[in-house]
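I am opening this notebook to record what I looked up, entry by entry, with the sequence and the model side by side.

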Amino acid sequence: MNIIKRKIIWRPEPGQFGRMVHIRRNFVIMIVVIFNKVGERMFCVFKLRHIIYILLAAVLLSGGIAVIAGYGGRDTAKKDVQEIQQTEMQNAIAGENNETEATKATALPSAEKKDFIKWVEFNVPCQAMRDALEYDIAMYEAGTPVSWVDLLAYLGAKNGGDFSKYKTADMEKLKKKLQEGIGIEELTRDMKYFSYYQKAYGAVLNGFVGPYQIEKKAGESGEKQWEEAYGLKVFSPIAKGYAYNDFDDFGTSRSYGYKRKHLGHDLMALVGTPVVAVESGTVEAVGWNQYGGWRIGIRSFDRQRYYYYAHLRKNMPYNACVTEGATIKAGDVIGYVGRTGYSAKENVNNIDTPHLHFGIQLIFDESQKDGNNEIWIDCYQIMQLLSGRRVETVKNEETKEYSRVLDFHEPALDQEHPPLKDDASHDPGMTPEEGGE
């Protein structure tokens, strides 16, 4: 059996060196005070006290030098941490495994390294998405398609993911370069992090835009006709004609069960308000969750987005179309706003204010689906983008269920999609992150 020996080098965290010296200094002061008191009671007070001071100063100086020489100091530690973070970022971007062949040969098979993005912060403002979408549609109609994801990834790579100072003029500058004949590939050739933002933003937005067919009412007769369209093919989760209010509450504190962060977006609405599927996909989870109450989980066809709808209505939370494994079209009515949850017992209203808890989870690898590696994004800006994309619904007086008035179809619905795995659904009650309301 081969034993791999590794040299372990410990370095203090940033600021830890300062704390060590501070502790050593306080200890020395305490010793000096003690010896000072002892020295006052002795005959040769002056000489004894000063000899002790000299000795203790030498100890402190030598110890400080040893700390600096042995551990590299605060600046070195900070630099090491930054280098590690930068290396991890580069690996995520390039999708490369930097292990040497020797390391791969000696590594255990169960510890095989996977390369996929492990963290995403989506803070693209609604205005930037609208500007990119407008240009995407214009270029598609002109016959020279440009992906809105690439436009946003370019800006993300350029500003380090910081859109706090974004202005439409930033998009106009990029559009001008493209109109001058400079392609995205050429513009981003030397952008170190473009690949990362392209993959990260793509995981969020890839299913949002494309060709689709939708019914329209024609003339005064109101006869329905199918029309071809290109653009946003996703919808707001709150049906048209129903009031709601919201704010950016992602990351706020929650305490039921244990203290944690809110990993979704709450849309306050009346009990019974129809809830609409944002994107087409497959129902992956349906049933009771201790935190989210009656909830639905829908996985996008590309399997990179998991949409979570929670706190649905007591007694009648879902539409009949919602069963595990069922295919759902974007804009279909899937359930109704309620206030269930915060209870191990099913069908209990323990949420004070009725609302829809809506969440988007990104999944680059199935290991991220459940557990500590889940990636949930702030979707407030996305809700702002979709606020004008609300589905008109009608109530069936016999069944008491609501359905959409105008039908919708997209090419992905015609394709075959892999069936759910046995372990595909989120386990009710075992994933509080789902209902981090």
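Over how many bridges do strand S1 and S2 pair, and in which sense? I note before answering that this is a predicted model. Strand S1, which covers residues 209-218, pairs with S2 in the antiparallel sense, and I find 10 bridges between them. As one point along this pairing, I looked up Ala218, which stands opposite Glu223 in S2.

Next I followed the sheet outward. Three strands form an open sheet in the order S2-S1-S16, with antiparallel pairing. Strand S2 (223-232) and strand S16 (408-409) stand at the edges with a single partner strand each, so one side of each is left without a neighbour in the sheet.

I then turned to helix H9, which runs over residues 194-205. From its first C-alpha to its last, this helix of 12 residues reaches 16 Å, close to the 16 Å expected at 1.5 Å a residue. Is H9 largely enclosed or left open by the rest of the structure? Since a residue counts as buried under 20% relative accessible area, I checked each one, and 9 of the 12 residues are buried, so H9 is largely enclosed. Among them are Phe194, Tyr196, Tyr197 and Tyr201, and the list runs on to Val204 and Leu205.

Last, I noted the whole protein chain, which has 10 helices and 16 strands. Of its 437 residues, 43% count as buried. Among contacts between residues at least 6 apart in sequence, 69% join residues at least 24 apart. The accessible surface comes to about 24100 Å², and 53% of it belongs to carbon and sulfur atoms.

Conventions: Residues numbered from 1 in each chain as written. Predicted model: local features only at pLDDT ≥ 70, side-chain atom pairs only at ≥ 80, totals over all residues. Heavy atoms only, no water. Helix = DSSP H or I, 4+ residues; strand = E, 2+ residues; numbered from the N terminus. Expected span 1.5 Å × (residues − 1). Buried < 20%, exposed > 50% of the residue type's maximum accessible area, 1.4 Å probe, protein only. Pairing = 2+ DSSP bridges. Contact = heavy atoms within 4.5 Å. Areas by Shrake-Rupley, 256 points an atom, 1.4 Å probe, with all protein chains shown as cover.
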